[in-house]
Amino acid sequence: QVQLVESGGGSVQAGGSLRLSCATSGLTYGSYWLGWFRQAPGKEREGVAAIDNLSSTPFYTDSVKGRFALSRDSAKNTLYLQMNSLKPEDTSMYYCAASVGASFKWPPTLPGSYNYWGQGTHVTVSS
């Protein structure tokens, strides 16, 4: 059973930083993707960043390139999203997701490719 638990959200002023964590369990063997997504009220869920567990090559959506960075601690089974230079438009609920044996399409930030989701952690960036 794959489980994902996000933490680290909060409120910050524009230009500030936050680090989100996604504690994973049940992801032990094989190929899978882990991703961060966000959804603001009234908007569609959008992909932010994703990483493949075999190559560990991160992929970022254009709006966060140069500001957000993925990292992993394999010993802790945890995925991190370091968010710097935050903007008010980054305000959203952030979700961690895993694609395990699901039909996968490129780019890896398409929500439909992911079949396991966490409950989310909220990020508010004030101007």
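A residue counts as buried here when its relative accessible area is under 20%, and by that criterion strand β9 of this predicted model is mostly covered, with 7 of its 8 residues buried.

**Pairing of β9**

Strand β9 spans residues 92–99 and has antiparallel partners in β4, β10 and β11, as set out below.

| Strand pair | Sense | Bridges | Bridge partners |
|---|---|---|---|
| β4 and β9 | antiparallel | 7 bridges | Leu 34 and Ala 98 |
| β9 and β10 | antiparallel | 2 bridges | Ala 97 and Trp 117 |
| β9 and β11 | antiparallel | 3 bridges | Tyr 94 and Thr 121 |

**The disulfide**

A search of the whole structure finds 1 disulfide, which joins Cys 22 to Cys 96 with an S to S distance of 2.0 Å. The link is left-handed, with -75° about the S-S bond, and it connects distant parts of the chain, since Cys 22 lies in strand β3 (residues 18–25) and Cys 96 in strand β9, 74 residues apart. Are the two cysteines buried or exposed? Cys 22 has a relative accessibility of 0% and therefore counts as buried, the cut-off being under 20%, and Cys 96 is likewise buried because its relative accessible area is 0%.

**The nonpolar cores**

The largest nonpolar core holds 26 residues, of which Trp 36, Leu 81, Met 83 and Tyr 94 touch the most other members. At least two residues of this core come from each of β3, β4 (33–39), β5 (46–52), β7 (68–73), β8 (78–83), β9 and β11 (121–126). Tyr 94, which stands opposite Thr 121 in β11, has contacts beyond its neighbours within four places in sequence that include Trp 36, Leu 81 and Met 83, as well as Glu 6, Arg 38 and Gly 120. A second, separate core of 5 residues includes Phe 37, Ala 50, Ala 97 and Tyr 114; among these, Phe 37 is also in contact with Tyr 94, while Ala 97 has Trp 117 in β10 as its bridge partner.

**Thr 109 in the loop after β9**

Thr 109 is placed in the loop between β9 and β10 (116–117). Why does Thr 109 count as buried? Its relative accessible area is 10%, so Thr 109 falls under the 20% limit. Not counting residues up to four places away in sequence, Thr 109 touches Phe 37, Gly 47, Val 48, Ala 49, Ala 50 and Phe 59, and of these Phe 37 and Ala 50 belong to the second core, whereas Val 48 is also among the contacts of Tyr 94.

Conventions: Residues numbered from 1 in each chain as written. Predicted model: local features only at pLDDT ≥ 70, side-chain atom pairs only at ≥ 80, totals over all residues. Heavy atoms only, no water. Disulfide = S-S within 2.5 Å. Helix = DSSP H or I, 4+ residues; strand = E, 2+ residues; numbered from the N terminus. Buried < 20%, exposed > 50% of the residue type's maximum accessible area, 1.4 Å probe, protein only. Contact = heavy atoms within 4.5 Å. Core = buried A, V, L, I, M, F, W, Y, C linked by side-chain atoms within 4.5 Å. Pairing = 2+ DSSP bridges.
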